[in-house]
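Please work through the exercises below with the structure in view, and try each task before reading its solution.

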Amino acid sequence: MAKKEKIARQIMPEQEPDIRAKNFEEVPLGLTQEAAVNEAQRCMQCKKPACVEGCPVGVDIPGFIKLIAEEKFVGSIRKIWEKNALPAVCGRVCPQELQCEGKCIIGKKGDSVAIGNLERFVADKERISGTGELPPKAAPTGKKVAVVGSGPSGLTVAGDLILKGHQVTIFEAFHKPGGVLVYGIPEFRLPKDIVFSEVAFLEKLGVTVDCNAVVGRTVSVDELFEEGYDAVYIGVGAGLPRFLNVPGENLVGLFSANEYLTRSNLMKAYRFPEYDTPIIRGKNVITLGAGNVAMDSARTALRMGAEKSRIVYRRSRDEVPARGAEVHHAEEEGVEFFFLTSPVEFKGNEQGRVTGMVGLKMELGEPDDSGRRRPVPIEGSEFELECDLAIVAVGAGPNPLLTQTTEGLDLNRWDYILADEATGKTSKKGVWAGGDIVTGSATVILAMGAGRLAADSIHDYLTWGW
Amino acid sequence: MFEIVEREEMTGGTVIRNEIEAPLIARKAKPGQFVILKANETGERIPLTMADTDPEKGTITIIYMVVGKSTAIFRNLKVGDAYQDIIGPLGAPTHLEKVGKVVCVGGGTGIAVLHPITRALKEIGNDVTCIVGARSKDILILEDEMKKASNDLRICTDDGSYGHHGFVTDVLKEVLEKGDIKLAVAIGPVPMMKFVSKMTKEYNVKTMVSLNPIMVDGTGMCGCCRVSVGGETKFACVDGPEFDGHKVDYDELMLRLLAYREDETRSLEESGLKL
């Protein structure tokens, strides 16, 4: 035991900040096999592993790490797959410091085991040089399940239910599957080939993926039942961008983060004009908000030639909701932070293009409903920041396209779908929901956790009834 | 893939009609709704309001003017070729109601969008006067179809080569003067909709316009298509594309439509395609 603790946490090599801030290649380069095996040996193999409690999908973390330490990589990925169909994704985008790694016993005194990096290592190894052998599938049940949305929760539901012998079709509104993993998270944080290979894996298992299918428009939930589906899972995400409701918000050059990232990621506007979709390349960029989406936007702007990329956030550094690694990477690349600043107006020129933002300084007052100290404006503290591109990344609300066209689906007072926390069951018979359309904007892994619970409940229903 | 089953060059190749196999969309689409089309892997998502649908045949019809790289790529698609992606039907359908006397005003390819709406308004018993305008006779589209779809068709050309010599608003004024018009529908270039709405407001005639701002997803997810209507921000893709013409901020809409003008010019030039 004592010997194991002497190994230092293995550092994952990364592209240098000044180089990577100008390209869209992935920032961390992955652990070498030697480093991964060394890192795996740091795990104490706790009898009651706290890390597993911290994982929303309950991956057997000591189990898969032990297999890496023994260089049994195929066994290790199989161990993860038992609970998580998207390990290459989760290894990259989970907030490990708040979950598994945050609970790691070694982390109490020193650096926790790099669980996320190990998960990523073994998933990448399988994808690049694995056997391609598929996990065993149960005998066909003859039941059909429709999964609406191909983001993290939909992919999880599809992966779970296809292995249990059901027929599964995923309906995706965009022309490519992956949901937020494809339109939202940038290439430099999650290469799209990884997402497409995860989807291809599900297709190999027998899942059908129907793109360009807008449930609520092209087809309704009730029509899916008429077409013979036995159960419907709704995992459409929270696809309604929030704006700030301040003057000047419709100026050209002011985007929702959804639009900015969709243009860049899904439509590949960063490769314009090789790809036909244009995007505004600001030299002087302001991003409003400080979540992961804001970090993604500010860093994307740098890669598209911004000389200044600034994050404006109305609370202080302590309240920043983004993953630690994202804030760290953004700062390394030169993103500047304006804390305790709230936008009150955008200014434009005669062409209707944004030229600046008027900000108001804030101070922290008493805690609000979220438990965070409420920012209070300081009278007369207005100041102006120049910008030629502004990106609003202050969260998303529930997109009503599906919910408004589905009878019998109860919503909460903010129009999110009401679903049972333990099962994902909605008020409508045969319909489950999970992910951001239930909880509001959250993380990939929480959406996957909801998908896992719903898949179990759907399987019970298809076996035993509602 | 969405195969083109019929194709027509309408005005010497600047305006193209495509009838496209899209049975799921044709089954659901109603007048006033739009689709988003993407020609190929590197293509842009282009919103176009449908000019017609045939649920039995499983086809939709679009009519577009070649104005940039994406529509130049569309023009190169022949019968038997296919669009890689078509998404729809999107947007809210036209609110159709029997009100009595209606005037429908169309300009440019807006006439293609106006056609199914005009036809539907007449079918439910309205007395429909239609005013269509074009720069000159050779680029006027759908004359016969519009004649059939309305009770009275009036034509205007900017250069006087056909019909009334002047703008649609000249004829509109005459029609409004006669009185008793209960509803106006205007679809065409933004300045046309702006001036039609300005005039109908003077006569206190309710006016509906169909907007075509720049879009990305078309499902309310990005907010690219936001327009100011009565001082409120609306998303044309889900709240529209039709709005109260008296409340739309047309000047803002025009500026937003020019957002990528330089990029569009560059993109077309570098592609080697011609308009």
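**Exercise 1: The interface**

In this predicted model, 46 residues of chain B are in contact with 44 residues of chain A. Describe the area buried between chain B and chain A, and state which three residues of chain B supply more of that chain's share than any other three.

*Solution.* Begin with the total: the area buried between the two chains is about 3,600 Å², and carbon and sulfur atoms give 53% of this area. Turning then to single residues, B:Met221, B:Arg226 and B:Tyr260 supply 19% of the area that chain B buries against chain A, more than any other three residues.

**Exercise 2: Polar links and elements**

Find how many salt bridges join chain B and chain A, and which element of chain B gives the most residues to the side that touches chain A.

*Solution.* The count between the chains is three salt bridges, and one pairs B:Lys69 with A:Asp276, whose closest N and O atoms are 2.7 Å apart. Next, 22 residue pairs are in polar contact between chain B and chain A, both residues being at pLDDT 80 or more. Among the elements that give two or more residues to this side of chain B are α2 (69-75), β8 (85-90) and α8 (261-271), and β8(B) gives the most, with six residues. Finally, sorting the residues of this side by type yields 19 nonpolar, 12 polar and 15 charged.

**Exercise 3: One loop residue**

Decide whether A:Pro140 is buried or exposed.

*Solution.* First locate A:Pro140, which lies in the loop between α10 (115-129) and β1 (144-148) of chain A. Because its relative accessible area is 74% and exposed means over 50%, A:Pro140 is exposed. As a last step, compare sequence with space: A:Pro140 and A:Lys164 are 24 residues apart in sequence and 7.9 Å apart in space, C-alpha to C-alpha.

Terms used. Residues numbered from 1 in each chain as written. Chains lettered and ligands numbered in written order. Predicted model: local features only at pLDDT ≥ 70, side-chain atom pairs only at ≥ 80, totals over all residues. Heavy atoms only, no water. Contact = heavy atoms within 4.5 Å. Buried area = accessible area lost by both parts, 1.4 Å probe. Salt bridge = Lys/Arg side-chain N within 4 Å of Asp/Glu carboxyl O. Polar contact = N/O pair within 3.5 Å; in protein donor to acceptor, adjacent residues only side chain to side chain. Helix = DSSP H or I, 4+ residues; strand = E, 2+ residues; numbered from the N terminus. Nonpolar A, V, L, I, M, F, W, Y, C, P; charged D, E, K, R; others polar. Buried < 20%, exposed > 50% of the residue type's maximum accessible area, 1.4 Å probe, protein only.
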